[in-house]
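Ready for a walk through a model in your viewer? Open the file, keep the selection tool at hand, and follow the stops below.

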Number of protein chains: 2
Amino acid sequence: MATGRTHRPATRSRGIPEATVARLPLYLRALTALSERSVPTVSSEELAAAAGVNSAKLRKDFSYLGSYGTRGVGYDVEYLVYQISRELGLTQDWPVVIVGIGNLGAALANYGGFASRGFRVAALIDADPAMAGKPVAGIAVQHTDELEHIIEDNGVSIGVIATPAGAAQQVCDRLVAAGVTSILNFAPTVLTVPDGVDVRKVDLSIELQILAFHEQRKAGEDSVQDSGPPAPAARTAAADRKGPDGDVPAVMPA
Amino acid sequence: MATGRTHRPATRSRGIPEATVARLPLYLRALTALSERSVPTVSSEELAAAAGVNSAKLRKDFSYLGSYGTRGVGYDVEYLVYQISRELGLTQDWPVVIVGIGNLGAALANYGGFASRGFRVAALIDADPAMAGKPVAGIAVQHTDELEHIIEDNGVSIGVIATPAGAAQQVCDRLVAAGVTSILNFAPTVLTVPDGVDVRKVDLSIELQILAFHEQRKAGEDSVQDSGPPAPAARTAAADRKGPDGDVPAVMPA
DNA sequence: TCATCTTTGTGCACGCGTTCACAAAGACAT
DNA sequence: ATGTCTTTGTGAACGCGTGCACAAAGATGA
């Protein structure tokens, strides 16, 4: 999961727990699917199954929004779609800028899920002058120099960073200075932002590494003998460099 | 964040808490950067700052791996890089297949972070016959028909799904049947898998929606009067149907 | 009106994760 | 050796999130 990285200690925003907020989009997706099939009502049990969660959890989540269900019947699909959309702020238009139009940035620009739900790609920004003017996903890429203008002219408050790691913090700083207060970061770096700015990160390689951990565990469940970590004891300085295998890994991702 | 979605209730794998495992890649990245600058040792305070976490948390995390620090000095960078790499299973080679070579799949194939850390793109698979044979990121795309062969021949245990939502579950089933036990899902769907299979999902639009929620909250922070969640107490029936905002949505339960 | 049946909404208990705060451990100087 | 200083490793307290289990609420039918 991309992890929110804000120092807000326990931001129970307006009483809605963060964990619940993170699940609302899931419910919304399931409800939208039901709505398209013209299903009028669902029980917490059915909806929970569709969203892949526990039904008690779902009911408790909805209870934070208010009492929108009818006992003995369930929840009205259309009504709930509206309530969750409103709660998430999807009834309004959110202009978004994507900075860094490489492979990933271009893929994001083309991603349908963007446009669908209140999010509108207001601009694509790249530092490469050669990219300027080139259309990606039907939108002309603009140069980084224009960043501040774009943010202000369009009232953008959400920025997506898809640049290489080295440029991310700098881009982030400029976005924030220009007025952006929410950032979705795809660059493999920890971003530092002032209070009041939300950052969520999506990190490919972290996800893979977590999977690898579990995978290794499954594989070695029978034949593992731990190999006793080279006693961390007596180690003067840069003494024993090298693990049992001999050499250390290569390099880091860009 | 992409959220792990496995029904393992509390898989304290080998005693290492899930939350800690999720942070290890973060530490590893910071440590690798230090290593490249030939920094010999770091204190928990410094490393924690670089990784964007609390130092006490970092120390506790490391304590699950063993006692790798030296009191009064800190941690040996190279040694720790090795230990974490080993713990995460990055000292071995993980062949990975990417299924669904659209915009996103292609971007993933080109992503540097893949190759760098023990992960090797073993094959690119797509259902479109027109894609077959076409090279993406220097690898020829293969047709879905080959999926089972590819998995078995290469001993692939990690699969990445970057297909449209509609195809995801089916692809997932085939991957699992062929022997894949870890899946990274980019398709906006809830995947159902048998026990023993790990699924992590990365969902663009969910991340954006969570940001929108907080963004909306910030925007309305001054003009909002809280309106206290409709007192769960006295509410006759379908009485107060209307959000704090005042207006009523489309429909209501009969 | 009353009885029955379904499904919500929630009180409660439990466990994981986070953080504080401090004692133990080692480095280093004298 | 002994003392001082730094930094680790962890015991303990706390808070959030989860899930059970049940009472309350409403629908439905006689």
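Two strands count as paired if DSSP finds at least two bridges between them. Helices (H or I, at least four residues) and strands (E, at least two) are DSSP runs, numbered from the N terminus. This is a predicted model, in which local features need pLDDT of at least 70 and side-chain atom pairs count only at pLDDT 80 or more, while totals for chains, interfaces and linings use all residues. Residues are numbered from 1 along each chain as its sequence is written, chains are lettered from A and ligands numbered from 1 in the order in which they are written, and side-chain values use heavy atoms, with hydrogens and water left out.

**Stop 1: chain A**

Begin by selecting strand 6 (135-136) and strand 7 (residues 139-143) of chain A, which pair in the antiparallel sense over two bridges. Click A:Pro135, and look in strand 7 for its bridge partner, A:Ala140.

Now widen the selection to the open sheet these belong to: seven strands of chain A in the order 6-7-5-4-8-9-10, with mixed pairing. At its edges are strand 6 and strand 10 (198-201) of chain A, each pairing on one side only.

Then show the whole of chain A. Its secondary structure comes to nine helices and ten strands. How much of chain A is buried? Of its 254 residues, 48% are buried, meaning under 20% relative accessible area (exposed is over 50%, partly exposed in between; 1.4 Å probe, protein chains only). Contact means heavy atoms within 4.5 Å; among contacts in chain A between residues at least 6 apart in sequence, 58% join residues at least 24 apart.

**Stop 2: a strand inside chain B**

Select strand 10 (residues 182-185) of chain B. B:Ser182 and B:Leu184 point one way, B:Ile183 and B:Asn185 point the other way, and all are buried. In a regular strand the side chains alternate between the two faces of the sheet.

Add strand 9 (residues 158-161) of chain B, which pairs with strand 10 of chain B in the parallel sense over four bridges. Here B:Gly159 stands opposite B:Ile183. Trace the chain from strand 9 through helix 8 (residues 165-178) to strand 10 of chain B: this β-α-β crossover is right-handed, which means that, with the strands pointing away from the viewer, the path from the first strand over the helix to the second runs clockwise.

Next add strand 11 (residues 198-201) of chain B, which runs parallel to strand 10 of chain B and is joined to it by four bridges. B:Leu184 has B:Arg200 as its bridge partner there.

**Stop 3: a three-strand sheet in chain B**

Select the open sheet of chain B with strand order 2-4-3 and antiparallel pairing. Strand 2 (41-42) and strand 3 of chain B stand at the edges with a single partner strand each, so one side of each has no neighbour in the sheet. Strand 3 and strand 4 of chain B are joined by two bridges, and B:Gly69 has B:Tyr75 as its bridge partner.

**Stop 4: DNA strand D**

Show the residues near DNA strand D (a residue is near if one of its heavy atoms lies within 4 Å). Which of the 26 residues around DNA strand D come nearest? They are A:Lys57, A:Lys60, A:Arg71, B:Ser44 and B:Tyr75. Helix 3 of chain A gives the largest share of this surface, four residues.

Zoom in on some polar contacts (pairs of N or O atoms within 3.5 Å; within protein, one must be able to donate a hydrogen and the other to accept it, and residues adjacent in sequence count only if both atoms are side-chain atoms):

- A polar side-chain atom of A:Arg23 is 2.9 Å from a phosphate oxygen of DNA strand D.
- The side chain of A:Arg71 has an N or O atom 2.7 Å from a base nitrogen of DNA strand D.
- B:Gly69 has a polar backbone atom 3.1 Å from a phosphate oxygen of DNA strand D.

**Stop 5: DNA strand C**

Finish with DNA strand C, which has 27 residues around it; the nearest are A:Ser44, A:Arg59, A:Arg71, A:Tyr75 and B:Arg71. Of the atoms of DNA strand C within 4 Å of the protein, 63% belong to sugar and phosphate.

Select A:Ser44, where a polar backbone atom is 2.5 Å from a phosphate oxygen of DNA strand C. Then try B:Lys60: one of its polar side-chain atoms lies 3.1 Å from a base oxygen of DNA strand C. Helix 3 of chain B supplies the largest share of the surface near DNA strand C, four residues.
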